Amino acid sequence: MHKDDQMTPMERAAALAKGEAVDRYPISMFYGSSAHALLGWTRQKESADGRSIAEVQKKVYETFGCDGVSTSYGLHGMAVTFGAKMSDDPHLPPSILEHPIKDISDLSMLNLEKVTVKTDSRAKKCYEAVHILRDELGHEVGCGMGLTGAFTSASSLVGPQKFLKALINNSEQAHKLLEFTTEAVLQLAEPFVREGYNLMIADPMASGTILSKKHFREFVLPYSRRIVEGCRSFAPISVSVHICGNTTQILEDIVECGYGTISLDNKVDLAVAKERIGSQIRLMGNVDPVEVMYYGTTDMVKAAVKACCRKAWDNPKGYTISTGCDTVYGMPIENAYAFMDEARKCIRYPMAPENFL
C-alpha cells in the first residue's frame, strides 16, 4: 500500500462497491511510455518476457500507488503478429515502418489461429505477466489487460492512408478486414476476461479528429459493440475505452458501443461530456499529457488536476481523474508525483468542491 493512502486499491474498490466510506476515490495515470525508465531499463528489456513486463508494472505501483496495474498488447500488436516491420528505439514506443498487408483486396495472409495467447508472442507475454501480477500483488491491487480496438488494428495491418481510403473506395473489403480484427480481438480478450482481469480497449484511429460521425457509425460502432457484448458473454464485466483526439462529435455513439467507462483525450471538454453523456457512462480524464505533464511545471500539473475535478467530480455515473492519454517518455518524474499528490487531495472522500478550490 502506498505511504499516502489508508486503504489498498482492493480494499477501496470493495468498500465503494458496498457504498461504504473510503479514504479516497480511485486515481488513474497513464504511465506506459515512461514506465521502463523507473528501473533504468530499455523498452526492449521491459518487453523481453512476462516477468519483465510484470516487474515494470510492480515498480509503477510501488512508485505512485495508482489504483490498478495493467499489461498491454500494444497498438500495433496485431500488425507485428502478421509481420510488420517496426522501429526499435530503446525508449520510444515502436512505430510501423512497413505494414503487412500491401493491398486490402488480398486478405489471404490473415489467420485467426495466429492471434491467441498460445500462438501470439506478445499476447502470451501479457498473459504470463498478469498471472505474475495477480500472484504477487493481487491481494492489494487489481490487474487489467489493454487491447487495441478493431478499427485501429485494421488500420495497422494495411496502413492508415490505405485503410481510410478503402472506407470510401472499397468498403466491402474494409468491412471484411474489420470482421477479422473484431474476431481476433475477442479471441485475445476471452482468456483474460474469463479469469477476471479488467479490460480496456484503445482505439485511437477511431477518433472524431479522423472520422466523420457517419463513418464512425458504419465502421466503428457495430464492431466495437460486438467486442463489448462478446466480452460480457465471457464474464459480467464493464469494458473501458480510450479514443485519442477530439471525440466530441461522436460522444453519444461511443456510449452506444456499450462501454462502461470512457477515457477522454484532453481535446474533449469534460463539462461538455458530462452534460451530454454523463448520465450514461463513467468519465475518465483528462489532464494534458504533453503541454502540462511533459512541458509544464508542477504548479501547472496541480492546477490542471483541480480544473478537471471541478468539471467532472459530480458526473452522475462517476468520474476518475486521469491523464488525457499516455504520458510521454522523458516526462519529468516530479510532474508525475505532482499529479498523484494533487489528485489524492482533490478526490479524497467524500468528494466535494472544497477539495479542489
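**Notebook: helix α6, two loop residues, aromatic pairs**

I started with α6 and listed its buried residues: A150, F151, T152, S153, A154, S155, S156, L157 and V158. The model is a predicted one. Helix α6 covers residues 150-158, and nine of its nine residues are buried, so I noted the helix as largely enclosed by the rest of the structure. I then looked at what follows the helix. G159 comes just after α6 and has a positive phi of about 105°.

**Overall figures**

I went on to the whole protein. I find 14 helices and nine strands in its secondary structure. Of the 357 residues, 54% are buried. I checked the radius of gyration against the globule rule: the protein has 20 Å, which agrees with the value near 21 Å for a compact globule of 357 residues. Along the principal axes, the C-alpha atoms fill a box of roughly 60 × 40 × 40 Å. I took the contacts between residues at least 6 apart in sequence and found that 72% of them join residues at least 24 apart. The exposed area is about 15,000 Å², and carbon and sulfur atoms supply 53% of that area.

**R24**

Next I looked up R24, which is in the loop between α1 and α2. Is R24 buried or exposed? Its relative accessible area is 2%, so I entered R24 as buried, the cut-off being under 20%. I then asked which side chains make polar contacts with the side chain of R24. One is the side chain of D5, at 2.9 Å. Another is the side chain of D67, at 2.7 Å. Leaving out residues up to four places away in sequence, I listed the residues that R24 touches: D5, R12, G65, D67, R344, I347, R348 and Y349.

**H36**

I looked up H36 next. H36 also belongs to the loop between α1 (9-17) and α2 (43-46). Its relative accessibility is 1%, so H36 counts as buried. The side chain of H36 makes a polar contact of 3.0 Å with the side chain of H91. With residues up to four places away in sequence not counted, H36 touches W41, T42, R43, E46, V56, P90, H91 and Y329.

**Aromatic rings**

I searched the whole structure for aromatic pairs and found nine. I wrote down F82 and F180 as an edge-to-face pair, with 5.9 Å from centre to centre and 70° between the planes. This pair links distant parts of the chain: F82 is in the loop between α4 (77-81) and β2 (85-86), F180 is in helix α8 (residues 171-194), and 98 residues separate them. Both F82 and F180 are buried.

I then took Y127 and F192, an edge-to-face pair with 5.4 Å from centre to centre and 90° between the planes. Here too the pair links distant parts of the chain, with Y127 in helix α5 (residues 121-137) and F192 in helix α8, 65 residues apart. Which of the classes buried, partly exposed and exposed does Y127 fall into? At a relative accessible area of 22%, Y127 is partly exposed. F192 has a relative accessible area of 1% and is buried.

I added two further entries on rings. Y31, F64 and Y337 form one aromatic cluster. The charged end of R134 sits over the ring of Y197, at 3.9 Å from the ring centre.

Terms used: Residues are numbered from 1 along each chain as its sequence is written. This is a predicted model: local features need pLDDT of at least 70, side-chain atom pairs count only at pLDDT 80 or more; totals for chains, interfaces and linings use all residues. Side-chain values use heavy atoms; hydrogens and water are left out. Helices (H or I, at least four residues) and strands (E, at least two) are DSSP runs, numbered from the N terminus. Buried means under 20% relative accessible area, exposed over 50%, partly exposed in between (1.4 Å probe, protein chains only). A polar contact is a pair of N or O atoms within 3.5 Å; within protein, one must be able to donate a hydrogen and the other to accept it, and residues adjacent in sequence count only if both atoms are side-chain atoms. Contact means heavy atoms within 4.5 Å. Rings of Phe, Tyr and Trp (its six-membered ring) pair if their centres lie within 6.5 Å; planes under 30 degrees apart count as stacked, over 60 as edge-to-face and the rest as tilted. A charge sits over a ring if NZ of Lys or CZ of Arg is within 6 Å of the ring centre and within 35 degrees of the ring normal. The radius of gyration is taken over C-alpha atoms; the globule rule is 2.2 Å times the number of residues to the power 0.38. Accessible areas come from the Shrake-Rupley method with a 1.4 Å probe; for residues, only the protein chains shown count as cover.
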